[in-house]
Amino acid sequence: MFEKVLIANRGEIALRIHRACREMGLQTVAVHSTADANAMHVRLADESVCIGPPPARDSYLNVPAILSAAAITGADAIHPGLGFLAENAEFAATVEEHGFTFIGPSPEHIRLMGNKVSAKETARRLGIPTVPGSRGSVRDVAAAEAAAREIGYPVLIKATAGGGGRGMRVARNAAELACLLPIAQTEAALFFGCGEVYLERHLDRARHIEVQILGDGGGGAIHLGERDCSLQRSHQKVLEETPSPALNRDERERLGALAAAAVGELGYKGAGTLEFLYQDGKFYFIEMNTRLQVEHPITEMISGIDIVREQLRIAAGGTLDFQQADVRLCGHAIECRINAENPNTFRPCPGRVSDYHAPGGLGVRVDSALYHGYEVPPHYDSLVAKLIVHGKSRNECLMRLRRALDEYVIEGIETTIPLHQRLTAAAEFIDGDYDVHWLGRFVKSSS
Ligand code: MV4
(Lines give C-alpha, C1' and ligand atoms only; values in the text may rest on other atoms or scores of the structure.)
Protein backbone atom coordinates (compact mmCIF):
# COMPACT_ATOMS: atom_id res chain seq x y z
CA MET A 1 0.00 0.00 0.00
CA PHE A 2 1.06 3.62 -0.51
CA GLU A 3 2.18 5.81 2.35
CA LYS A 4 1.22 9.21 0.96
CA VAL A 5 -1.50 10.22 -1.49
CA LEU A 6 -1.75 13.57 -3.27
CA ILE A 7 -5.34 14.63 -3.86
CA ALA A 8 -5.51 16.63 -7.10
CA ASN A 9 -8.90 18.21 -6.47
CA ARG A 10 -10.86 20.54 -4.18
CA GLY A 11 -14.15 20.88 -2.30
CA GLU A 12 -16.24 18.05 -0.93
CA ILE A 13 -14.66 15.37 -3.13
CA ALA A 14 -11.14 16.23 -1.92
CA LEU A 15 -12.46 15.85 1.62
CA ARG A 16 -14.15 12.55 0.72
CA ILE A 17 -10.86 11.15 -0.60
CA HIS A 18 -8.93 12.46 2.41
CA ARG A 19 -11.32 10.61 4.73
CA ALA A 20 -10.77 7.26 2.99
CA CYS A 21 -6.99 7.76 3.08
CA ARG A 22 -7.00 8.67 6.77
CA GLU A 23 -9.07 5.59 7.64
CA MET A 24 -6.50 3.45 5.81
CA GLY A 25 -3.60 5.06 7.68
CA LEU A 26 -2.32 6.96 4.63
CA GLN A 27 -0.86 10.46 4.72
CA THR A 28 -2.53 13.07 2.49
CA VAL A 29 -1.27 16.02 0.49
CA ALA A 30 -3.75 18.71 -0.50
CA VAL A 31 -3.07 20.98 -3.44
CA HIS A 32 -4.96 24.24 -3.75
CA SER A 33 -5.31 27.50 -5.62
CA THR A 34 -4.78 30.82 -3.84
CA ALA A 35 -8.60 31.14 -3.66
CA ASP A 36 -8.75 27.89 -1.65
CA ALA A 37 -6.10 28.62 0.99
CA ASN A 38 -8.76 28.40 3.73
CA ALA A 39 -10.58 25.39 2.29
CA MET A 40 -11.51 22.44 4.50
CA HIS A 41 -9.54 19.92 2.42
CA VAL A 42 -6.40 22.04 2.98
CA ARG A 43 -7.05 22.29 6.74
CA LEU A 44 -7.49 18.54 7.18
CA ALA A 45 -4.69 17.24 4.96
CA ASP A 46 -1.33 16.36 6.52
CA GLU A 47 0.45 18.69 4.10
CA SER A 48 -0.64 21.22 1.52
CA VAL A 49 0.92 22.93 -1.48
CA CYS A 50 -0.36 26.03 -3.27
CA ILE A 51 -0.28 25.29 -7.01
CA GLY A 52 -1.41 28.56 -8.57
CA PRO A 53 -3.98 31.32 -9.00
CA PRO A 54 -7.77 30.77 -8.95
CA PRO A 55 -8.51 29.92 -12.62
CA ALA A 56 -8.54 26.10 -12.85
CA ARG A 57 -6.23 26.02 -15.88
CA ASP A 58 -3.53 27.70 -13.75
CA SER A 59 -3.98 25.46 -10.69
CA TYR A 60 -6.20 22.34 -10.63
CA LEU A 61 -5.40 21.70 -14.32
CA ASN A 62 -1.75 22.74 -14.01
CA VAL A 63 0.01 19.39 -14.54
CA PRO A 64 3.63 20.54 -13.95
CA ALA A 65 2.61 22.23 -10.67
CA ILE A 66 0.75 19.12 -9.48
CA LEU A 67 3.67 16.81 -10.36
CA SER A 68 6.11 19.17 -8.60
CA ALA A 69 3.90 19.13 -5.50
CA ALA A 70 3.91 15.31 -5.57
CA ALA A 71 7.70 15.25 -5.94
CA ILE A 72 8.53 17.72 -3.15
CA THR A 73 6.15 16.08 -0.67
CA GLY A 74 7.26 12.54 -1.56
CA ALA A 75 3.78 11.31 -2.49
CA ASP A 76 3.46 7.77 -3.91
CA ALA A 77 0.15 8.16 -5.67
CA ILE A 78 -2.19 10.79 -7.11
CA HIS A 79 -5.99 10.64 -6.82
CA PRO A 80 -7.57 12.91 -9.46
CA GLY A 81 -11.03 13.01 -7.86
CA LEU A 82 -13.65 13.97 -10.42
CA GLY A 83 -13.83 16.69 -13.05
CA PHE A 84 -10.54 18.53 -13.70
CA LEU A 85 -7.94 15.87 -14.74
CA ALA A 86 -9.89 12.74 -13.75
CA GLU A 87 -10.63 11.58 -17.32
CA ASN A 88 -7.54 12.96 -18.99
CA ALA A 89 -5.64 9.95 -20.44
CA GLU A 90 -2.55 12.07 -21.05
CA PHE A 91 -2.45 13.10 -17.37
CA ALA A 92 -2.81 9.49 -16.22
CA ALA A 93 0.10 8.49 -18.48
CA THR A 94 2.27 11.43 -17.36
CA VAL A 95 1.68 10.64 -13.68
CA GLU A 96 2.90 7.07 -14.23
CA GLU A 97 5.88 8.20 -16.35
CA HIS A 98 7.00 10.33 -13.41
CA GLY A 99 6.96 7.30 -11.12
CA PHE A 100 3.71 7.97 -9.26
CA THR A 101 0.67 5.71 -9.22
CA PHE A 102 -2.44 7.11 -10.90
CA ILE A 103 -5.46 6.11 -8.82
CA GLY A 104 -7.76 5.17 -11.67
CA PRO A 105 -7.93 3.10 -14.83
CA SER A 106 -5.16 2.75 -17.43
CA PRO A 107 -4.67 5.62 -19.91
CA GLU A 108 -5.78 3.21 -22.67
CA HIS A 109 -9.14 2.56 -21.00
CA ILE A 110 -9.67 6.27 -20.30
CA ARG A 111 -8.94 7.04 -23.97
CA LEU A 112 -11.15 4.20 -25.26
CA MET A 113 -14.17 5.43 -23.28
CA GLY A 114 -13.46 9.15 -23.82
CA ASN A 115 -14.18 8.60 -27.50
CA LYS A 116 -17.93 7.95 -27.49
CA VAL A 117 -17.84 6.09 -30.82
CA SER A 118 -15.15 3.64 -29.66
CA ALA A 119 -16.93 3.30 -26.28
CA LYS A 120 -20.17 2.27 -28.03
CA GLU A 121 -18.35 -0.04 -30.41
CA THR A 122 -16.60 -1.69 -27.45
CA ALA A 123 -19.88 -2.07 -25.57
CA ARG A 124 -21.55 -3.67 -28.59
CA ARG A 125 -18.63 -6.06 -29.07
CA LEU A 126 -19.01 -7.10 -25.42
CA GLY A 127 -22.70 -7.90 -25.83
CA ILE A 128 -24.17 -4.75 -24.29
CA PRO A 129 -27.20 -3.27 -26.09
CA THR A 130 -26.58 0.22 -27.50
CA VAL A 131 -28.86 2.86 -29.02
CA PRO A 132 -29.37 2.16 -32.76
CA GLY A 133 -27.14 4.63 -34.58
CA SER A 134 -24.52 5.30 -37.22
CA ARG A 135 -21.60 2.87 -37.44
CA GLY A 136 -18.84 5.22 -36.39
CA SER A 137 -18.87 8.93 -37.09
CA VAL A 138 -20.57 10.64 -40.04
CA ARG A 139 -18.48 12.96 -42.21
CA ASP A 140 -20.95 14.71 -44.49
CA VAL A 141 -24.64 15.29 -45.11
CA ALA A 142 -24.89 12.42 -47.61
CA ALA A 143 -23.45 9.89 -45.15
CA ALA A 144 -25.62 11.28 -42.34
CA GLU A 145 -28.81 11.05 -44.40
CA ALA A 146 -28.03 7.48 -45.43
CA ALA A 147 -27.44 6.52 -41.78
CA ALA A 148 -30.56 8.36 -40.59
CA ARG A 149 -32.75 6.54 -43.17
CA GLU A 150 -31.65 3.24 -41.59
CA ILE A 151 -31.95 4.45 -37.99
CA GLY A 152 -35.29 6.22 -38.46
CA TYR A 153 -36.13 9.82 -37.48
CA PRO A 154 -35.90 11.64 -35.13
CA VAL A 155 -32.14 11.26 -34.79
CA LEU A 156 -29.78 12.87 -32.31
CA ILE A 157 -26.44 14.32 -33.46
CA LYS A 158 -23.77 13.81 -30.79
CA ALA A 159 -20.08 14.78 -30.59
CA THR A 160 -17.64 11.84 -30.62
CA ALA A 161 -15.47 13.63 -28.05
CA GLY A 162 -18.51 14.99 -26.17
CA GLY A 163 -20.55 13.74 -23.27
CA GLY A 164 -22.71 15.40 -20.69
CA GLY A 165 -25.15 16.58 -23.37
CA ARG A 166 -23.23 19.58 -24.66
CA GLY A 167 -23.75 20.27 -28.37
CA MET A 168 -26.41 17.60 -28.95
CA ARG A 169 -28.99 18.36 -31.71
CA VAL A 170 -32.26 16.62 -32.59
CA ALA A 171 -33.13 16.30 -36.32
CA ARG A 172 -36.71 15.30 -37.18
CA ASN A 173 -36.22 14.90 -40.93
CA ALA A 174 -33.62 15.03 -43.71
CA ALA A 175 -33.94 18.80 -44.15
CA GLU A 176 -33.24 19.45 -40.46
CA LEU A 177 -30.34 16.99 -40.54
CA ALA A 178 -28.74 18.76 -43.54
CA CYS A 179 -29.04 22.07 -41.72
CA LEU A 180 -27.93 20.91 -38.24
CA LEU A 181 -25.02 18.61 -39.15
CA PRO A 182 -22.53 21.36 -40.06
CA ILE A 183 -23.62 23.38 -37.01
CA ALA A 184 -23.05 20.37 -34.74
CA GLN A 185 -19.65 19.68 -36.34
CA THR A 186 -18.53 23.29 -35.85
CA GLU A 187 -19.75 23.30 -32.24
CA ALA A 188 -18.03 19.98 -31.51
CA ALA A 189 -14.74 21.36 -32.87
CA LEU A 190 -15.16 24.47 -30.73
CA PHE A 191 -16.22 22.75 -27.46
CA PHE A 192 -14.16 19.55 -27.61
CA GLY A 193 -11.35 20.27 -30.09
CA CYS A 194 -12.63 17.51 -32.40
CA GLY A 195 -15.36 18.07 -35.01
CA GLU A 196 -16.40 14.41 -35.36
CA VAL A 197 -20.08 13.64 -34.74
CA TYR A 198 -22.26 10.50 -34.85
CA LEU A 199 -25.97 9.79 -35.01
CA GLU A 200 -28.33 7.94 -32.70
CA ARG A 201 -32.03 7.25 -32.70
CA HIS A 202 -33.56 9.87 -30.38
CA LEU A 203 -35.29 8.33 -27.36
CA ASP A 204 -37.77 10.95 -26.21
CA ARG A 205 -38.94 9.69 -22.78
CA ALA A 206 -35.91 7.86 -21.42
CA ARG A 207 -34.66 7.49 -17.88
CA HIS A 208 -30.94 7.82 -17.17
CA ILE A 209 -29.80 4.71 -15.31
CA GLU A 210 -26.14 4.00 -14.56
CA VAL A 211 -24.36 0.96 -13.14
CA GLN A 212 -21.45 1.27 -10.66
CA ILE A 213 -18.68 -1.22 -11.32
CA LEU A 214 -15.27 -2.04 -9.82
CA GLY A 215 -12.62 -3.92 -11.80
CA ASP A 216 -9.40 -5.36 -10.34
CA GLY A 217 -7.43 -4.96 -13.58
CA GLY A 218 -6.91 -8.71 -13.88
CA GLY A 219 -10.31 -9.64 -15.26
CA GLY A 220 -12.19 -9.65 -11.97
CA ALA A 221 -15.14 -7.26 -11.76
CA ILE A 222 -18.26 -6.71 -9.69
CA HIS A 223 -21.23 -4.34 -9.86
CA LEU A 224 -22.89 -2.43 -7.03
CA GLY A 225 -26.32 -1.99 -8.59
CA GLU A 226 -27.68 1.02 -10.43
CA ARG A 227 -28.43 4.68 -9.78
CA ASP A 228 -31.35 6.53 -11.31
CA CYS A 229 -30.03 9.96 -12.35
CA SER A 230 -33.00 11.10 -14.42
CA LEU A 231 -33.67 14.17 -12.27
CA GLN A 232 -31.55 16.74 -14.10
CA ARG A 233 -31.91 20.23 -15.44
CA SER A 234 -29.68 21.65 -18.20
CA HIS A 235 -27.64 18.41 -18.03
CA GLN A 236 -26.85 19.01 -14.35
CA LYS A 237 -27.92 16.20 -12.02
CA VAL A 238 -30.03 17.46 -9.12
CA LEU A 239 -31.12 14.35 -7.16
CA GLU A 240 -30.11 10.70 -7.57
CA GLU A 241 -31.57 7.55 -6.05
CA THR A 242 -30.84 3.86 -5.79
CA PRO A 243 -32.39 1.46 -6.52
CA SER A 244 -34.24 2.94 -9.49
CA PRO A 245 -38.01 3.00 -8.88
CA ALA A 246 -38.40 1.89 -12.52
CA LEU A 247 -36.59 -1.47 -12.35
CA ASN A 248 -37.56 -4.83 -10.91
CA ARG A 249 -35.08 -7.25 -9.32
CA ASP A 250 -34.69 -9.30 -12.45
CA GLU A 251 -33.86 -6.28 -14.66
CA ARG A 252 -31.41 -5.01 -12.03
CA GLU A 253 -29.56 -8.31 -11.82
CA ARG A 254 -29.39 -8.78 -15.59
CA LEU A 255 -28.09 -5.24 -16.18
CA GLY A 256 -25.55 -5.48 -13.37
CA ALA A 257 -24.25 -8.87 -14.49
CA LEU A 258 -23.92 -7.66 -18.09
CA ALA A 259 -21.96 -4.55 -17.00
CA ALA A 260 -19.66 -6.49 -14.65
CA ALA A 261 -18.94 -9.19 -17.27
CA ALA A 262 -18.07 -6.53 -19.85
CA VAL A 263 -15.61 -4.59 -17.67
CA GLY A 264 -14.05 -7.87 -16.53
CA GLU A 265 -13.55 -8.85 -20.16
CA LEU A 266 -11.83 -5.48 -20.77
CA GLY A 267 -9.46 -6.04 -17.86
CA TYR A 268 -10.65 -2.69 -16.52
CA LYS A 269 -8.93 -1.39 -13.37
CA GLY A 270 -10.69 0.75 -10.79
CA ALA A 271 -14.13 2.30 -10.33
CA GLY A 272 -16.31 3.12 -13.31
CA THR A 273 -19.87 3.73 -14.37
CA LEU A 274 -21.78 2.50 -17.40
CA GLU A 275 -24.53 4.91 -18.44
CA PHE A 276 -27.72 3.64 -20.01
CA LEU A 277 -30.92 5.12 -21.31
CA TYR A 278 -33.99 3.10 -20.27
CA GLN A 279 -37.22 3.36 -22.22
CA ASP A 280 -40.16 0.97 -22.77
CA GLY A 281 -38.50 -1.74 -20.69
CA LYS A 282 -35.23 -1.72 -22.68
CA PHE A 283 -31.69 -0.61 -21.80
CA TYR A 284 -29.36 1.15 -24.22
CA PHE A 285 -25.71 1.83 -23.34
CA ILE A 286 -24.64 5.42 -24.16
CA GLU A 287 -21.37 6.20 -22.35
CA MET A 288 -18.91 5.00 -19.73
CA ASN A 289 -17.35 7.24 -17.08
CA THR A 290 -13.88 6.12 -16.02
CA ARG A 291 -13.85 7.98 -12.70
CA LEU A 292 -15.41 8.28 -9.27
CA GLN A 293 -18.77 10.06 -9.58
CA VAL A 294 -20.40 12.77 -7.48
CA GLU A 295 -23.33 10.47 -6.70
CA HIS A 296 -21.22 7.47 -5.54
CA PRO A 297 -22.34 7.83 -1.88
CA ILE A 298 -25.87 6.51 -2.51
CA THR A 299 -24.30 3.26 -3.73
CA GLU A 300 -22.10 3.18 -0.61
CA MET A 301 -25.19 3.64 1.58
CA ILE A 302 -27.03 0.59 0.18
CA SER A 303 -23.94 -1.61 -0.21
CA GLY A 304 -21.87 -0.69 2.83
CA ILE A 305 -18.83 -0.61 0.52
CA ASP A 306 -16.41 2.34 0.60
CA ILE A 307 -15.79 2.93 -3.11
CA VAL A 308 -12.79 5.24 -2.58
CA ARG A 309 -11.16 2.66 -0.31
CA GLU A 310 -11.59 0.08 -3.08
CA GLN A 311 -10.08 2.52 -5.61
CA LEU A 312 -7.01 2.87 -3.38
CA ARG A 313 -6.70 -0.91 -2.82
CA ILE A 314 -7.01 -1.66 -6.54
CA ALA A 315 -4.50 1.06 -7.52
CA ALA A 316 -2.01 -0.37 -5.01
CA GLY A 317 -2.19 -3.68 -6.87
CA GLY A 318 -4.48 -5.37 -4.37
CA THR A 319 -7.59 -7.37 -5.11
CA LEU A 320 -11.19 -6.48 -4.40
CA ASP A 321 -12.16 -7.01 -0.77
CA PHE A 322 -15.17 -9.15 -1.75
CA GLN A 323 -16.92 -11.06 -4.56
CA GLN A 324 -20.26 -10.43 -6.22
CA ALA A 325 -21.94 -12.98 -3.95
CA ASP A 326 -20.81 -10.93 -0.91
CA VAL A 327 -22.49 -7.76 -2.19
CA ARG A 328 -25.85 -7.19 -0.50
CA LEU A 329 -27.81 -4.13 -1.60
CA CYS A 330 -30.05 -3.08 1.29
CA GLY A 331 -32.80 -0.47 1.45
CA HIS A 332 -32.97 2.79 -0.45
CA ALA A 333 -30.73 5.87 -0.69
CA ILE A 334 -31.19 9.36 -2.14
CA GLU A 335 -28.70 12.17 -2.70
CA CYS A 336 -29.65 15.84 -2.99
CA ARG A 337 -27.02 18.04 -4.61
CA ILE A 338 -26.99 21.36 -2.80
CA ASN A 339 -25.58 24.18 -4.89
CA ALA A 340 -24.73 27.75 -3.95
CA GLU A 341 -27.35 29.07 -6.38
CA ASN A 342 -30.64 30.89 -6.35
CA PRO A 343 -33.21 28.05 -6.17
CA ASN A 344 -35.41 29.64 -8.87
CA THR A 345 -33.00 31.21 -11.35
CA PHE A 346 -30.00 28.92 -10.65
CA ARG A 347 -27.69 31.92 -10.73
CA PRO A 348 -24.53 31.06 -8.74
CA CYS A 349 -24.40 32.71 -5.34
CA PRO A 350 -20.90 32.64 -3.85
CA GLY A 351 -20.22 34.42 -0.55
CA ARG A 352 -19.63 33.98 3.17
CA VAL A 353 -21.46 31.26 5.11
CA SER A 354 -22.65 33.27 8.12
CA ASP A 355 -24.29 30.35 9.93
CA TYR A 356 -24.00 26.61 9.39
CA HIS A 357 -25.66 23.58 10.93
CA ALA A 358 -25.70 20.22 9.16
CA PRO A 359 -28.42 17.60 9.78
CA GLY A 360 -27.55 14.27 11.38
CA GLY A 361 -29.12 11.22 12.93
CA LEU A 362 -29.54 7.64 11.78
CA GLY A 363 -29.21 7.17 8.03
CA VAL A 364 -28.07 10.72 7.31
CA ARG A 365 -24.73 11.58 5.68
CA VAL A 366 -23.48 15.01 4.65
CA ASP A 367 -20.52 15.28 2.27
CA SER A 368 -19.55 18.95 2.30
CA ALA A 369 -16.51 21.15 2.74
CA LEU A 370 -18.62 24.01 4.16
CA TYR A 371 -18.10 25.40 7.65
CA HIS A 372 -19.25 28.43 9.66
CA GLY A 373 -17.46 31.51 8.27
CA TYR A 374 -16.28 29.81 5.06
CA GLU A 375 -16.19 32.00 1.97
CA VAL A 376 -17.53 30.14 -1.11
CA PRO A 377 -15.23 31.29 -3.94
CA PRO A 378 -16.81 32.36 -7.26
CA HIS A 379 -14.32 30.52 -9.49
CA TYR A 380 -15.56 26.93 -9.33
CA ASP A 381 -18.54 24.59 -9.63
CA SER A 382 -21.38 25.69 -7.33
CA LEU A 383 -21.86 22.28 -5.66
CA VAL A 384 -21.26 22.93 -1.94
CA ALA A 385 -22.89 19.97 -0.19
CA LYS A 386 -24.42 16.57 -0.79
CA LEU A 387 -27.14 15.38 1.56
CA ILE A 388 -27.36 11.61 1.39
CA VAL A 389 -30.07 9.70 3.21
CA HIS A 390 -30.68 5.97 3.66
CA GLY A 391 -33.83 4.13 4.71
CA LYS A 392 -35.12 0.55 4.76
CA SER A 393 -37.74 1.43 2.15
CA ARG A 394 -38.07 4.25 -0.39
CA ASN A 395 -40.82 5.77 1.73
CA GLU A 396 -38.74 5.71 4.92
CA CYS A 397 -35.88 7.26 2.94
CA LEU A 398 -38.14 10.04 1.63
CA MET A 399 -39.57 10.86 5.07
CA ARG A 400 -36.03 11.02 6.47
CA LEU A 401 -34.85 13.17 3.56
CA ARG A 402 -37.58 15.77 4.15
CA ARG A 403 -36.71 15.81 7.85
CA ALA A 404 -33.01 16.29 7.10
CA LEU A 405 -33.65 19.05 4.52
CA ASP A 406 -35.73 20.91 7.13
CA GLU A 407 -32.87 20.66 9.66
CA TYR A 408 -30.16 21.93 7.33
CA VAL A 409 -29.09 25.52 8.07
CA ILE A 410 -26.87 27.32 5.54
CA GLU A 411 -27.07 31.10 5.96
CA GLY A 412 -25.36 33.94 4.11
CA ILE A 413 -25.57 32.33 0.65
CA GLU A 414 -28.55 31.14 -1.36
CA THR A 415 -28.77 27.39 -1.87
CA THR A 416 -30.96 24.92 -3.76
CA ILE A 417 -32.38 23.42 -0.53
CA PRO A 418 -35.82 25.03 -1.21
CA LEU A 419 -35.86 23.37 -4.64
CA HIS A 420 -35.29 19.97 -2.98
CA GLN A 421 -38.11 20.69 -0.53
CA ARG A 422 -40.50 21.39 -3.45
CA LEU A 423 -39.23 18.40 -5.41
CA THR A 424 -39.63 15.93 -2.54
CA ALA A 425 -43.26 17.07 -2.14
CA ALA A 426 -44.15 16.55 -5.83
CA ALA A 427 -46.54 13.70 -6.64
CA GLU A 428 -44.56 12.50 -9.68
CA PHE A 429 -41.37 12.27 -7.66
CA ILE A 430 -43.14 10.52 -4.79
CA ASP A 431 -44.55 8.00 -7.29
CA GLY A 432 -41.14 7.55 -8.97
CA ASP A 433 -42.85 8.57 -12.19
CA TYR A 434 -40.30 10.74 -14.03
CA ASP A 435 -37.99 10.73 -17.06
CA VAL A 436 -35.00 12.93 -17.98
CA HIS A 437 -37.29 15.78 -19.14
CA TRP A 438 -39.62 15.90 -16.14
CA LEU A 439 -37.52 18.08 -13.79
CA GLY A 440 -36.97 20.81 -16.38
CA ARG A 441 -40.74 21.19 -16.76
CA PHE A 442 -41.31 20.96 -12.98
CA VAL A 443 -38.78 23.74 -12.31
CA LYS A 444 -40.50 26.05 -14.81
CA SER A 445 -43.96 25.41 -13.39
CA SER A 446 -43.09 25.59 -9.68
CA SER A 447 -40.72 28.58 -9.38
C1 MV4 B 1 -29.77 10.67 -25.56
C2 MV4 B 1 -31.10 11.07 -25.34
C3 MV4 B 1 -32.07 10.53 -26.15
N4 MV4 B 1 -31.73 9.67 -27.14
N5 MV4 B 1 -29.47 9.81 -26.55
C6 MV4 B 1 -27.70 13.74 -22.57
C7 MV4 B 1 -26.42 13.62 -21.82
C8 MV4 B 1 -25.66 12.55 -22.49
N9 MV4 B 1 -24.91 11.79 -21.53
C10 MV4 B 1 -26.68 11.73 -23.20
N11 MV4 B 1 -27.90 12.50 -23.21
C12 MV4 B 1 -28.99 12.06 -23.86
N13 MV4 B 1 -28.76 11.15 -24.84
C14 MV4 B 1 -30.45 9.33 -27.32
N15 MV4 B 1 -30.14 8.49 -28.31
C16 MV4 B 1 -31.37 11.96 -24.32
C17 MV4 B 1 -30.32 12.47 -23.58
C18 MV4 B 1 -30.70 13.41 -22.55
C19 MV4 B 1 -30.46 13.14 -21.23
C20 MV4 B 1 -29.80 11.99 -20.83
C21 MV4 B 1 -29.54 11.75 -19.51
C22 MV4 B 1 -29.96 12.65 -18.57
C23 MV4 B 1 -30.62 13.81 -18.93
C24 MV4 B 1 -30.87 14.06 -20.25
C25 MV4 B 1 -31.52 15.23 -20.60
C26 MV4 B 1 -31.76 15.48 -21.91
C27 MV4 B 1 -31.34 14.58 -22.89
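A polar contact here is a pair of N or O atoms within 3.5 Å. With that in hand, here are the close-ups; keep in mind that the model is predicted.

**View 1. The ligand and its polar contacts.** Start with K158: one of its polar side-chain atoms lies 2.9 Å from a nitrogen atom of the ligand. Backbone atoms join in too. A polar backbone atom of R201 sits 2.7 Å from a ligand nitrogen, and for L203 the distance from a polar backbone atom to a ligand nitrogen is 2.9 Å. On its own the ligand has 520 Å² of accessible area, and the protein covers 93% of that.

**View 2. The shell around the ligand.** Zoom out a little and 18 residues surround the ligand, with K158, E200, R201, L203 and E287 coming nearest. What is the mix of nonpolar, polar and charged residues in the shell? By class, there are seven nonpolar, six polar and five charged residues. As for where they come from, four strands each supply at least two shell residues: β6 (155–159), β8 (197–201), β12 (269–279) and β13 (282–289).

**View 3. Strands β6 and β8, side by side.** Two of the strands that supply the ligand shell are also partners of each other: β6 and β8 run antiparallel and are joined by five bridges. To find your way along the pair, look for A159, which stands opposite V197 in β8. β8 is mostly covered, with four of its five residues buried. In a regular strand, side chains take turns between the two faces of the sheet.

**View 4. The cis peptide bond before β6.** Just follow the chain back to P154, which is in the loop between α7 (141–151) and β6. The bond from Y153 to P154 is cis, and its omega is near -5°.

**View 5. A second cis peptide bond, at P243.** Here T242 and P243 are the residues joined by a cis bond, with omega about -5°. P243 belongs to the loop between β11 (236–242) and α9 (249–266).

**View 6. Strand β19 and its two partners.** Is β19 (residues 383–391) largely enclosed or left open? Nine of its nine residues are buried, so the rest of the structure largely encloses this strand. One partner is β14 (residues 332–339), which runs antiparallel to β19 and is joined to it by eight bridges. The other partner in this view is β17 (residues 364–368), also antiparallel to β19, with five bridges between the two. Two residue pairs make handy landmarks: R337 has K386 of β19 as its bridge partner, while V364 stands opposite V389 in β19.

**View 7. T416 next to R337.** The R337 that pairs with K386 in β19 turns up again here, this time through its backbone oxygen, which lies 3.4 Å from a polar side-chain atom of T416. T416 itself is in the loop between β20 (409–411) and α13 (417–423). Why does T416 count as buried? Its relative accessibility is 3%, and buried means under 20%. Leaving out residues up to four places away in sequence, T416 touches R337, I338, N339, E341, P343 and F346.

**View 8. F346, a positive phi in a buried spot.** One of the residues touched by T416 is F346, and its backbone deserves a look: phi is about 65°, positive although F346 is not a glycine. The residue lies in the loop between β14 and β15 (351–352). F346 is buried, with a relative accessible area of 11%.

**View 9. F84, a positive phi with some exposure.** Phi of F84 is near 40°, again a positive value in a residue other than glycine. Find F84 in the loop between β4 (77–79) and α4 (89–97). At 30% relative accessibility, F84 counts as partly exposed.

**View 10. I103 and its neighbours.** I103 is in the loop between β5 (101–102) and α5 (107–114). I103 is buried, and its relative accessible area is 2%. Which residues does I103 contact, leaving aside neighbours within four places in sequence? The list runs F2, V5, A77, I78, H79, P80, Q311, L312 and A315. For a sense of scale, I103 and H390 are 28 Å apart, C-alpha to C-alpha, and 287 residues apart in sequence.

Note on methods: Residues numbered from 1 in each chain as written. Predicted model: local features only at pLDDT ≥ 70, side-chain atom pairs only at ≥ 80, totals over all residues. Heavy atoms only, no water. Buried < 20%, exposed > 50% of the residue type's maximum accessible area, 1.4 Å probe, protein only. Pairing = 2+ DSSP bridges. Near = heavy atom within 4 Å. Polar contact = N/O pair within 3.5 Å; in protein donor to acceptor, adjacent residues only side chain to side chain. Areas by Shrake-Rupley, 256 points an atom, 1.4 Å probe, with all protein chains shown as cover. Nonpolar A, V, L, I, M, F, W, Y, C, P; charged D, E, K, R; others polar. Contact = heavy atoms within 4.5 Å.
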